[in-house]
Amino acid sequence: MRVGDTVRRPHQSQSYAVAAYLDHLQRASFDGSPRYLGRDRLGRDVLTFVEGDVAGAVIDDRFLGDDLLASVGHLVRRLHDASAGYLARDEPFPRRIGAEDQPEIISHLDVTPQNVVVRDGRAFALIDFDLAGPTSKFRDSYNAAMHWVPLLHPTDVRTGVELGDQLRRLRVFADAYGWSADERASLPRFGADAASRSWDRMRERAASEGGGWARMWNEGVGDLIRRRGEWLLANEAAIVRALGSPEASED
Ligand SMILES: Nc1ncnc2c1ncn2[C@@H]1O[C@H](COP(=O)(O)OP(=O)(O)O)[C@@H](O)[C@H]1O
Ligand SMILES: [Mg+2]
C-alpha cells in the first residue's frame, strides 16, 4: 500500500536482512533500489516509493522492447557490482532449500517485469526484495533473463514473442549483462537444471506453506516450469549459437 512517498508492506522474517542489504546498496552508491525506513505503528515495513511504471500480470508492449531488456541487463550487472563483498553477517538471510553452498553474493533473485520500475523506457530500479538472498551472479542474471526474454515453451508464451525473438532477446540480455563464453555455453543446461530444482522447490512450498504457493501450483506453474526445462534442452544448440561469444568490449 502506498502512503505518500512511502510503501507499507507486511513485515516478514527476512525484512531486517533485506533492510541491511538495502543499506549496503545505498552505501555502495547503488541508486536502483528503495530504501528501508523502518516500521510504522502497525508494524508494517516502510520503504521509499519509487516513481515509475511497473508491468501488470499481463505484460503489455511497453515492457517488450529490446532497449528496455538491455537496460535490465545493465541494472542487474550494476546490482551485482554493488553487492560484491557484502556478506550479511549481522542480519543473515533465512536458509532456503536449494540455495548455493558457496554463494558468491547476496542478490535480488526475483527480477520479473512486475518487480522493475521503468522510467523513460529504461529499467530504473528494482523493488520487492522478498526473495533476496545468497546466490551466484549467473543464477540471478539467468533468472532475470528467464523472466524478461522470456524463456518459455511456446505453449506458455502470452506476449506474441516467438522463438526467433527469444533467441535475439537472449543475446541482447547476454551482451548487456556481460555473460562470459562459458556462461553462454552452459546456459541451456543450467536453465534446465534450475527448472528441475525449481519444480521440486515449488511443489515442496505449495505443500508446506500453502497460500499463494499452493494457488500457483494448482494453476499449473509446475507444468510451465517443466515445459521450460524441456524447451531449453530441445533448443540447446540454437540457443548456444544465438548467444555467440562475448563482445570484446565486454571482457
Ligand atoms: N518501493 C516501491 N516503489 C514503487 N512501487 C512499489 C514499491 N513497492 C511495491 N510497489 C508496487 O506494488 C506492487 C506490488 O509490490 P511488491 O513489493 O512487488 O509485492 P508482491 O510481493 O505483491 O509482488 C509492485 O508491482 C509495484 O507496482
Ligand atoms: Mg512483486
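This report describes the domains, the second largest pocket and the largest nonpolar core of a predicted model.

Residues are numbered from 1 along each chain as its sequence is written, and chains are lettered from A and ligands numbered from 1 in the order in which they are written. In this predicted model, local features need pLDDT of at least 70, side-chain atom pairs count only at pLDDT 80 or more, and totals for chains, interfaces and linings use all residues, while side-chain values use heavy atoms, without hydrogens and water.

The protein chain is assigned domain 1 (2-48) and domain 2 (152-166 + 178-251), with bounds from an automatic or database domain assignment. Their centres, taken over C-alpha atoms, are 30 Å apart.

The largest nonpolar core (buried Ala, Val, Leu, Ile, Met, Phe, Trp, Tyr and Cys residues joined through side-chain atoms within 4.5 Å; buried means under 20% relative accessible area with a 1.4 Å probe, protein chains only) comprises 51 residues, and Leu170, Trp179 and Leu187 have the most contacts inside it. This core lies between domain 1 and domain 2, because both give residues to it. Beyond its neighbours within four places in sequence, Leu170 contacts (heavy atoms within 4.5 Å) Ala145, Val149, Leu151, Trp179, Leu187, Ile239 and Leu243.

The lining of the second largest pocket (an open set of points on a 1 Å grid over the protein atoms alone, where a 1.4 Å probe fits, with protein on both sides within 12 Å along at least five of seven lines; lining residues have an atom within 4 Å of a point) divides by class as follows.

| Class | Lining residues |
|---|---|
| Nonpolar (Ala, Val, Leu, Ile, Met, Phe, Trp, Tyr, Cys, Pro) | 13 residues |
| Polar (the others, Gly among them) | five residues |
| Charged (Asp, Glu, Lys, Arg) | four residues |

Of the 22 lining residues, Arg9, Pro34, Leu47, Ile127 and Asp128 lie nearest the pocket centre.

Definitions and conventions: Buried < 20%, exposed > 50% of the residue type's maximum accessible area, 1.4 Å probe, protein only.
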